[in-house]
Amino acid sequence: METRIITHDGQFHVTNGLVSHVIRILPGGEPNTIYFGPAIHDRDDFSDLQELAVRDTLQTDAGHPGLSLEQIRREYPQGGSSDLRPCALDVGDAAGSHAVKLAYDAYRIVSGKVPLDGLPSTFANGTGDDADCATLEIDLADASFGLRVTLSETMFDGLPVVARSVRVTNVSHLPQTVESAYSASLDLPDADWDMLTLTGAWAREAHVERTPLRTGLQGVSSIRGHSSQHANPYLALARPNADEMQGEAMAATLVYSGNFDASVFVDSYARTRLRIGINPEPFSWRLAPGETFQTPEAILAYSGAGFNGLSQALHALYRRNLIRRPWNACRSPIVVNTWEAVHMAMDETSLTAMARSAKELGMEMLVVDDGWFGHRDRADSSLGDWFADRRKFPNGLKPLADAVHRMGMGFGLWFEPEMISEDSDLYRTHPDWVLGDPRLPLHALGVQRCQYVLDMTRPDVVAYLRRTIGDVIGKAGVDYIKWDMNRSLSEAYSRALPPDRQGEVFHRYALGYYRLLHGLAARFPDLLIESCASGGARVDAGTLAYAPQAWISDDTDALERVKIQYGTSMMYPVGACSNHVSAVPNEETGRRLPLKMRGDVALFGTFGYELDPALLDDGECARISRQIDWSKRLGPLMRSGTFWRLRSPFAPRPGFDAADAAWMVVSADRRNAVVGWYRALTGVNAPVPWLRLAGLDADMRYAVTEVDTAVADAGDTAMAGRGFTPWRPRYGDELMHAGLPLTDRTTVTWGRDPFPGDGSSRLFILTAVDASL
Ligand code: GLA
């Protein structure tokens with residue numbers, strides 16, 4: 001059903017047949033959340049869903065006689081009032097007062113979306129009545145304070161999702177200060193929820209944590225200047241009985257890459273307030289008379305079908321309304337990336353040879369990672385000097401790029417645009433471009449990887465980067481860039497901003513980052529951007545709007561990667577996750593996992609390699625070229641299919657030594673699917689893992705074929721040759737309810753069928769068969 005915004009006297013009901021959001025304006029003008037959840041029938045007056053009883057112990061509000069603001073579900077709670085819970089908006093006026101009392105003023109219904117100034121956001125497909133979403137904007141005002149606030153909410157046709165953002169305008173004659181302005185706040189009537197977050201650290205990103213809500217404040221946040229590996233800007237609430245397949249859950253996430261706060265407050269009456277937005281700590285924003293502050297966009301998703309329902313809603317939204325065309329649907333090139341292969345030891349001759357060997361195996365793009373610029377032999381130099389190192393590339397990058405292009409491959413290049421080394425021409429020319437308090441010696445500025453952060457709040461820095469990086473891309477004919485960011489912001493002081501604007505540094509930095517991304521994307525519309533930040537330190541929807549794929553971790557060990565990909569899929573479409581097969585022993589863990597398993601994990605995403613193909617023996621070359629063919633065959637499905645998590649690597653089960661993991665992708669018409677199953681440790685005389693599938697058509701019959709992707713020929717459409725093991729065809733209902741008994745490699749076979757050992761994988765292809773069984 002299309003999105004409808006139904007208005008009755010002082011009441012707004014936004015619904016698309018999947019979700020409903022009902023707002024009611026209380027007599028004093030306070031916008032009140034009556035309901036947010038699965039779609040409900042409309043009624044002229046939902047006011048009886050509001051708890052209005054005033055408890056003796058609660059204060060009533062000066063602006064709203066007879067009403068306790070602490071008692072009600074508020075649409076956008078302002079602080080400085082009798083609502084003594086953590087609030088969404090805190091603005092101070094020139095006299096130092098924070099007592100804002102916003103009341104309803106006006107509303108607008110817009111077909112499609114209202115773009116956000118300077119910030120990435122979801123977009124509408126189609127215009128006018130054909131737009132695939134509709135927006136309700138509600139203006140609130142406090143005339144005596146001189147403040148106007150616009151709440152914007154877009155609901156998307158066919159998706160249980162809304163996008164929210166807020167504009168705060170100073171309509172007084174004196175300056176004001178925004179101390180906090182969350183993008184969304186959602187008051188819920190009870191606290192029977194578990195909280196799910198994606199936390200971790202470098203090389204172990206996006207681990208799923210689940211904990212019951214308790215009274216008080218809880219959540220995740222970042223003050224690092226980027227979204228971070230430590231916590232993703234994602235927070236889900238799930239009913240205690242909810243799991244991957246069933247139960248009620250909702251998620252909040254942010255189309256933003258800077259400091260964020262995603263938190264939940266449970267009050268003493270077991271009511272829940274969920275807020276997501278820019279982290280108020282450290283933040284403050286001076287608003288001159290007439291100026292507007294635009295918050296980033298928040299996304300709220302609802303699912304009545306567990307976490308798979310939730311992530312499928314987010315994936316669908318991102319593909320349809322966030323990721324740049326054509327990368328939202330088409331397969332990305334299969335890359336060979338030089339980092340784990342050669343690190344910084346590179347030159348034109350060796351890389352030309354690497355590209356040639358990669359091409360022979362079927363790879364499609366050479367990505368020259370760190371080490372090509374300035375005089376970069378170690379991590380302590382040259383960031384900022386984005387010109388080719390003439391010792392390694394005597395005639396610049398163009399001859400290499402041309403040679404690679406002549407081979408029919410794409411040419412990719414690594415940049416770390418926001419960083420600067422002390423040992424760089426850029427630093428020698430512009431020492432003031434470093435972000436940091438000049439009182440502190442340079443080495444005291446939170447050095448990480450011997451590098452400093454450029455002051456991206458400065459328009460001249462952004463313009464310089466756009467020009468120099470753009471020139472390299474243009475001159476060499478670069479098809480792809482890997483945009484890295486390898487340190488957090490600390491001592492974040494801008495010499496270009498006055499003292500009373502230092503609270504703006506982090507957000508202005510994020511705006512500068514987007515300006516640069518926007519400038520490069522506009523100048524090179526076909527440029528494919530892969531985001532990276534020491535792996536997954538900036539995996540967020542804001543970056544996804546410009547960079548259709550992300551290097552989600554530096555950890556390429558397949559067993560670790562299963563966890564990272566599993567967690568990341570809670571919010572990111574798998575096609576947007578870049579996964580590479582690397583050499584063994586693994587650089588991060590020292591493990592030697594089979595090539596088949598390394599490939600079977602990486603295939604669920606955007607595929608590539610992180611090794612030197614010239615060092616492979618003939619057997620490895622043969623297996624890798626098979627794998628590449630599989631990636632080409634399955635790649636479109638990974639970008640367009642529906643992803644289901646079947647078994648969590650974070651949840652060990654009785655009888656098994658370690659959690660096994662499984663997931664699958666099903667095509668939109670449900671005629672094709674691919675299933676991956678991964679085991680960390682071999683069990684001895686272990687239980688049989690029964691793998692129940694999902695998302696299939698119950699009445700459709702499927703041919704089930706186990707594939708050894710390192711042996712089988714992906715071009716063999718009959719799937720009858722070596723490396724294919726056919727199972728008897730079976731109906732979708734049997735596959736979903738009985739499942740596949742994965743017996744053959746788990747029971748004791750006295751050496752007749754040798755165990756694959758620790759770290760193994762199985763991959764199944766399902767194809768609908770129309771012939772009778
Ligand atoms: C970061 C990235 C790696 C690689 C190195 C290069 O760690 O995550 O993939 O690009 O930087 O220095």
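This tour moves from the ligand to the nonpolar core, then to a strand residue and a helix, in a model that is predicted.

**The ligand and its shell**

Begin by selecting the ligand together with the residues around it, which number 13, the closest being D369, D370, K482, D484 and D554. If you colour this shell by residue class, you will find six charged residues, four nonpolar ones and three polar ones. Next, show the side chain of D369, where an N or O atom lies 2.7 Å from an oxygen atom of the ligand. Turn then to D484, whose side chain places a polar atom 2.9 Å from a ligand oxygen, and to G535, where the atom to pick belongs to the backbone, an N or O that lies 3.0 Å from an oxygen atom of the ligand. With the protein surface switched on, consider how much of the ligand is covered: taken alone it exposes 310 Å², and the protein buries 98% of that.

**The largest nonpolar core**

Now hide the ligand and select V149, V168, M363, L366, W372 and F604, which are the residues with the most contacts inside the largest nonpolar core, a set of 171 residues. Helix α7, spanning residues 505-523, supplies the largest share of this core, with 11 residues. To see one of these positions in detail, centre on M363, which, neighbours within four places in sequence aside, is in contact with I334, V335, V336, A358, M409, Y609, P613, I624 and I628. Another core lies apart from the largest one and has 36 residues, including L198, Y234, V255 and A313.

**V336 in strand β21**

Return to V336, one of the contacts of M363, and display strand β21, residues 335-337, in which V336 lies. Is V336 buried or exposed? Its relative accessible area is 0%, so V336 counts as buried, the cut-off being under 20%. Among its contacts beyond four places in sequence are M354, A358, M365, L366, V367 and L611. For a link across the chain, pick the C-alpha atoms of V336 and H580, which are 8.4 Å apart although 244 residues separate them along the chain.

**Helix α9**

Finish at helix α9, residues 558-568, which is largely enclosed by the rest of the structure because 10 of its 11 residues are buried. The buried positions to select are A558, L559, E560, R561, V562, I564, Q565, Y566, G567 and T568. At the start of the helix, zoom in on D557, where a side-chain oxygen reaches to within 2.9 Å of the backbone nitrogen of L559.

Definitions and conventions. Residues are numbered from 1 along each chain as its sequence is written. This is a predicted model: local features need pLDDT of at least 70, side-chain atom pairs count only at pLDDT 80 or more; totals for chains, interfaces and linings use all residues. Side-chain values use heavy atoms; hydrogens and water are left out. A residue is near a molecule or strand if one of its heavy atoms lies within 4 Å of it. A polar contact is a pair of N or O atoms within 3.5 Å; within protein, one must be able to donate a hydrogen and the other to accept it, and residues adjacent in sequence count only if both atoms are side-chain atoms. Accessible areas come from the Shrake-Rupley method with a 1.4 Å probe; for residues, only the protein chains shown count as cover. Ala, Val, Leu, Ile, Met, Phe, Trp, Tyr, Cys and Pro count as nonpolar, Asp, Glu, Lys and Arg as charged, and the others, Gly among them, as polar. A nonpolar core is a set of buried Ala, Val, Leu, Ile, Met, Phe, Trp, Tyr and Cys residues joined through side-chain atoms within 4.5 Å. Buried means under 20% relative accessible area, exposed over 50%, partly exposed in between (1.4 Å probe, protein chains only). Helices (H or I, at least four residues) and strands (E, at least two) are DSSP runs, numbered from the N terminus. Contact means heavy atoms within 4.5 Å.
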